[in-house]
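Here is a protein chain to go through with a set of questions about how its descriptive terms are earned. Each reply sets a value against the cut-off that gives the term its meaning.

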Amino acid sequence: NNKSSVCSWVGIECDADQSSVHSLRLPGAGLVGPIPPQTLGRLSQLRVLSLRSNRLSGEIPSDFSNLTLLRSLYLQNNAFSGGFPAGVTPLARLTRLDLSSNNFTGPIPFAVNNWTRLTGLFLENNAFSGPLPSISAKLVDFNASNNRLNGSIPRNLQRFSAAAFAGNLGLCGGPLPPFQPIHKKSKKLSTAAIVLISVGAVLALLILLLLLFCCLRRKQRQQQQQQSPKPPKPVPGAAARSVPVDAAGTSSSKDDITGGSADVERNKLVFFDGGVYSFDLEDLLRASAEVLGKGSVGTSYKAVLEDGTTVVVKRLKDVVVTKKEFEMQMEVLGKVRHDNVVPFRAFYFSRDEKLLVSEYVAAGSLSALLHGSPVNLRLRGNR
């Protein structure tokens, strides 16, 4: 309001003749944002400025250097940022300065030593770094806690309590121990970290060597199995006995049961627990095959081996699974035990062929008893 005197505004005090602003106090007034330049810096007769507990931000304008008569400056509890206010350092008449609880960074300039009248300085809860300058010997109140200061505490500041320097991990001397415990703890942690890393590297190397050894042993066993003419007797486990397939001996039965897939030459016949058979996949493929029936999941064959053993081979169709998934399902089927269910004895997996081997029931199946026996289709005989 241009018609009213500035000296009548809230928070403003003027000198006796009402010609200039002497004091500006607006604490907790809800002020937001930066202080524009060429505003407060024009109040050249200002003695007291209090803007504490607002939401002011940004850097302090450099034209604060014009406030040469300023004695008390209260800017705490705002969001000011940037380095130590350059516009404040020339103010040699300052007696109280409070910059606490802001976002100031960088070093505290040694120019503050020129504040010979300073009695109170509050810098806590910022991010000031570097060493502490000596500052005025007239200080009565001082706090620089919770910053990033380092180095030795100047002699004329050592009369203040340790709380005035707390939270600065790099400070030492004065009321603080010569070497702060935090530093020792940090050094021990670093040593411990090095030890842990070394132990971890050794363990990782041992595990790597163990895995390499296991791979070599597994490869040797596979080579021994491929060179063995007959597989070992069945032992417990879904993969109790597996026999490598020789490339020779392809017969009509092999073509009928497997469709002539070349993958059979690279895979094995796996027996379930309780298997009493001693044949391998090559014996099975040389057997005479007879179609027992066809279903939605495949065709069943009656296979008579050379030693007279008779089994049923079911050739699955349209089964697209990984080897691991197939083996997991086979382990479940191999554990089924019921008086009315013919147990499975072995299985075979390749990319193109999946076979299930079960015992042969001479009396026929439930389907044959209900619907009559189908006409047996004699496949080609032995080679």
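The questions below deal with salt bridges, exposure and contacts. The model is predicted, so local features need pLDDT of at least 70 and side-chain atom pairs count only at pLDDT 80 or more, while totals for chains, interfaces and linings use all residues. Residues are numbered from 1 along each chain as its sequence is written, and side-chain values use heavy atoms, with hydrogens and water left out.

Q: Why is the pairing of Arg25 and Glu13 called a salt bridge?
A: The term requires a side-chain nitrogen of Lys or Arg within 4 Å of a carboxyl oxygen of Asp or Glu. For the side chains of Arg25 and Glu13 the N to O distance is 3.6 Å, so the pair meets the definition. The structure holds three salt bridges.

Q: What parts of the chain does the pair of Arg25 and Glu13 tie together?
A: Arg25 lies in strand 2 (residues 21-25) and Glu13 in strand 1 (residues 12-14), so the pair ties together parts that are 12 residues apart in sequence. Strands here are DSSP runs of E with at least two residues, and helices are runs of H or I with at least four, both numbered from the N terminus.

Q: How do you know whether Arg25 is buried or exposed?
A: Buried means under 20% relative accessible area and exposed over 50%, with partly exposed in between (1.4 Å probe, protein chains only). Arg25 has 38% relative accessibility, so Arg25 counts as partly exposed.

Q: What makes Arg96 and Asp141 a salt bridge?
A: Their side chains meet at 3.0 Å, N to O, and therefore satisfy the distance cut-off. This pair links distant parts of the chain, with Arg96 in strand 8 (residues 96-98) and Asp141 in strand 12 (residues 141-143), 45 residues apart.

Q: Why is Glu353 called buried?
A: Glu353 has 5% relative accessibility and therefore counts as buried. Glu353 forms a salt bridge with Arg315, the closest N and O atoms being 3.1 Å apart, and Arg315, at 25% relative accessibility, counts as partly exposed.

Q: Which residues does Phe165 contact, leaving aside its neighbours within four places in sequence?
A: Contact means heavy atoms within 4.5 Å, and the partners of Phe165 include Leu132, Phe142, Ile153 and Leu171. Phe165 and Phe142 are 23 residues apart in sequence and 9.3 Å apart in space, C-alpha to C-alpha. Phe165 has 1% relative accessibility and so counts as buried.
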